[in-house]
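Open the viewer and load the chain. Follow the stops below in order, selecting as you go.

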Amino acid sequence: MANVVIFTGFTYPNLTRVPIVNKTLGPYRVASALIRAGYTVKIIDNFQALTAKEAINAVYRHINKDTLWIGYSSTFMIGTTHNTKMEEVYSFIKKFADVKLVYGGASVNEKDFDPRVDYYVSGYSDNSIVALTDYIAGKTNSIISKKINGSTLIDSSDYPEPKMDSLRTEWSKFDILQNEPLPLEFARGCIFKCKFCNYPLIGKRKGTYIRDMNEIRDELIETWETKQVDTFYITDDTFNDDNDKMEQFHKLFTSLPFKPKFSAFLRLDLIDRFPHQAELLSEAGLVGAFFGVETFNLKSGRCIGKGLHPNKVKRRLSWVKDKWKDKTNIGVGLIIGLPYDDDAYFKELEDYVRSPDYPIDSTSFNPLWIKDPKDGKRSEEHTSELQSRLHLVCRLLL
């Protein structure tokens, strides 16, 4: 039985129906904060893989008179927000009159609000979720609104803003599958401010919102000693955006009593500026690198703040592939439908991707989509047009 039950999901890469099944950090960060506050939490992973009956049975096994709320993490729940399964699960939860339904995650503002949902929580929720749970439990008289921005809610001494040296995730509290990689957080935000990005803390000052390396070291060693976990995927928005952080990280990872393996999201232009980063990453155990290249169109790149010339991007991709060889799987993300993208560019892209010299192991094509500033929803007009362009590219490449 648990005070809180949280559903999480997995996502599908573009052009494939093979899911990425792994633990996502957000719900476990929330769980860790609640456990430290004295609450019991049960996380049910991979919601999309469950039938409605299985999801309901999972809730039933952990719900009782002490259950305060059941949560639904939206970030990786693609395609499940308003389907029949969710309708059945929502209806079951609402049979328990005293149990609240909480909807959270990075995609909250993109979804239609449902009257059955009691609270919506967006942003970093390390402390706001504790404040909300205390409120539901009747421990505080503070007024909590239906829509909570986790990054701005808390400003009192009872719930101070979370510090970057107090973000340890208590994986020892949860079952971990053998050889399962775990998410690992070094920092939050990004020093860049790409025009297409709406992540929180973008454009942050260099050297800020970085965790204490000693705390990370303690967390890694304990996880290794108790769960034998040696593989991680780093959740930082842009892992190598701070060269000083890279130096500290390298010193930490190469001094551990075990040899770690990890993957991360990286910026290629920074490796172009600081080539030694490639060696630091490799020596530290890099096995998977994903670059947000976004475009090989010079004019489109300049329009969105990606200034490295496409020819230089291609040369540097070949350079890192030659340097890392088969030790590291390299992926790139491309946005389709940027300004100045046209049929000539798509044909050029096709030729490059089909070339035997193409150094990339996996390529993710994503249509540009635009939010309505009034309600945060995707603009169906723009999405439809750009989705058709994506389909054109997919036909060329498949």
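Start with the whole chain: 52% of its 398 residues are buried, meaning under 20% relative accessible area with a 1.4 Å probe, protein chains only (exposed is over 50%, partly exposed lies in between). This is a predicted model, in which local features need pLDDT of at least 70 and side-chain atom pairs count only at pLDDT 80 or more, while totals for chains, interfaces and linings use all residues. Residues are numbered from 1 along each chain as its sequence is written, and side-chain values use heavy atoms, with hydrogens and water left out.

Now switch on the cartoon. Twelve helices and twelve strands appear. They are DSSP runs numbered from the N terminus: helices are H or I with at least four residues, strands are E with at least two.

**Colour by confidence**

pLDDT is the predictor's confidence in each residue, from 0 to 100. The chain averages 82, and 80% of the residues score at least 70. Select helix 8, residues 276-284: confidence is highest here, at a mean of 97. Then select helix 12, residues 380-397, where confidence is lowest, at 54. Next, try residues 13-19. Their pLDDT is below 50, and the stretch has twelve contacts in the model beyond near neighbours in sequence. A contact means heavy atoms within 4.5 Å. Residues 152-157 also stay under 50, with eight contacts beyond four places in sequence.

**Select the sheet**

Pick strands 7 to 12. They form an open sheet of six strands in the order 7-8-9-10-11-12, with parallel pairing. Two strands pair if DSSP finds at least two bridges between them. Look at the edges: strand 7 (182-184) and strand 12 (362-367) each have a single partner strand, so one side of each has no neighbour in the sheet. Neighbouring strands are turned by 20 degrees against each other on average, direction ignored. The axes behind that angle are lines fitted to C-alpha atoms.

Zoom in on strand 10 (residues 286-294) and strand 11 (residues 329-336). Five bridges join this parallel pair. Glutamate 294 stands opposite leucine 334 in strand 11.

**Last stop: phenylalanine 262**

Go to strand 9, residues 261-266, and select phenylalanine 262. Is phenylalanine 262 buried or exposed? Phenylalanine 262 is buried, with a relative accessible area of 0%. Show what phenylalanine 262 touches beyond four places in sequence: the list includes Phe232, Phe239, Phe249, Phe253 and Leu281. Finally, select aspartate 230. This residue is 32 residues from phenylalanine 262 along the chain, yet their C-alpha atoms are separated by 8.4 Å.

Terms used
Axes are lines fitted to C-alpha atoms, for helices over the stretch in contact, and angles run from 0 to 180 degrees between N-to-C directions.
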